[in-house]
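Trainee: Please take me through one part of this model up close. I'd like to hear about pockets and what lines them.

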Amino acid sequence: IMEGLNQVYDEVTYVTDVGQHQMWASQYLDVNKNKKIITSGGLGTMGFGFPAALGAKMGHRDRDIVCITGDGGFQMNMQEMATAIVQQTPITVCLLNNYYLGMVRQMQQLFYGKRYSQTVLNDKVDYIKLSEALGVKAIRVTKKEEVEGAIKEALSTKGPVVIEVVIESDDKVFPMVAPGKNLEDCFDEKDLQKQQ
């Protein structure tokens with residue numbers, strides 16, 4: 001997904017929500033003088049991404065803005081799609097949907113004995129129908145090969161677009177730091193496998 005964004009955009013501002021997608025964006029997006037990123041950082045709040053992207057577009061009408069969000073964060077402010085239509089703010093929302101609060105679920109899986117609490121979002125929200133009901137173009141991506149084409153289609157659309165990218169529920173972000181540990185204690189998937 002991030003590779004597709006890197007390939008398609010020459011000049012863009014990415015705005016992330018909070019969660020696994022935020023970490024992947026920080027790790028894999030090309031960021032330079034033409035490709036900028038706005039993120040709320042480590043103490044950010046889910047739901048930040050979409051309204052922040054709308055604000056970025058209001059401030060830079062001539063610039064492409066891409067909001068990278070997850071299903072959990074997007075649900076907090078998805079009604080702002082109506083604002084995007086009313087204010088004529090053509091932004092692209094790249095919604096990574098794994099049907100979980102992925103970052104919290106990852107912590108519960110790795111550090112809390114797989115006691116999943118309030119992280120399963122198997123709520124059957126149809127983001128395509130919801131977007132279209134609010135007048136927003138929507139595209140669903142289920143295969144890697146569809147990513148770049150969907151991004152190009154969004155780029156050529158005059159209004160706001162939601163690209164829902166269905167991803168694996170068990171995808172994880174590495175490296176990471178365990179709760180209560182220091183940054184020098186970060187580990188990756190290989191370190192985790194050695195412990196097992």
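**A look at the pocket linings**

Mentor: Sure, let's start with the largest pocket. In this predicted model, four elements each give at least two residues to its lining: helix 1 (2-8), helix 2 (20-28), helix 8 (147-155) and strand 6 (161-166). Find helix 1 on your screen, as it provides the largest share of that lining, with four residues. The space in this largest pocket comes to about 530 Å³. Its lining is made up of 20 residues, and Ile1, Met2, Glu3, Lys144 and Val147 are the ones closest to its centre. If you sort the lining of the largest pocket by class, you get 10 nonpolar residues, seven charged ones and three polar ones.

Now move over to the second largest pocket, which holds about 420 Å³ of space. Here 25 residues do the lining, and Val18, Gly19, Gln20, Gln22 and Met103 sit nearest the centre. Two or more lining residues come from each of helix 2, helix 4 (71-77) and helix 6 (102-111). You've met helix 2 already, since it also supplies at least two residues to the lining of the largest pocket. In the second largest pocket, helix 2 is the top contributor, with six residues. As for classes, the lining of the second largest pocket has 14 polar residues, 10 nonpolar and one charged.

So keep two helices in mind as you turn the model: helix 1 gives the largest share of the lining in the largest pocket, and helix 2 gives the most in the second largest.

How values were computed
Residues numbered from 1 in each chain as written. Predicted model: local features only at pLDDT ≥ 70, side-chain atom pairs only at ≥ 80, totals over all residues. Heavy atoms only, no water. 1 Å grid on protein atoms, 1.4 Å probe; cavity = no way out; pocket = protein on both sides within 12 Å on 5 of 7 lines; lining within 4 Å. Points joined across faces, edges and corners; volume = space filled by probe spheres on them. Nonpolar A, V, L, I, M, F, W, Y, C, P; charged D, E, K, R; others polar.
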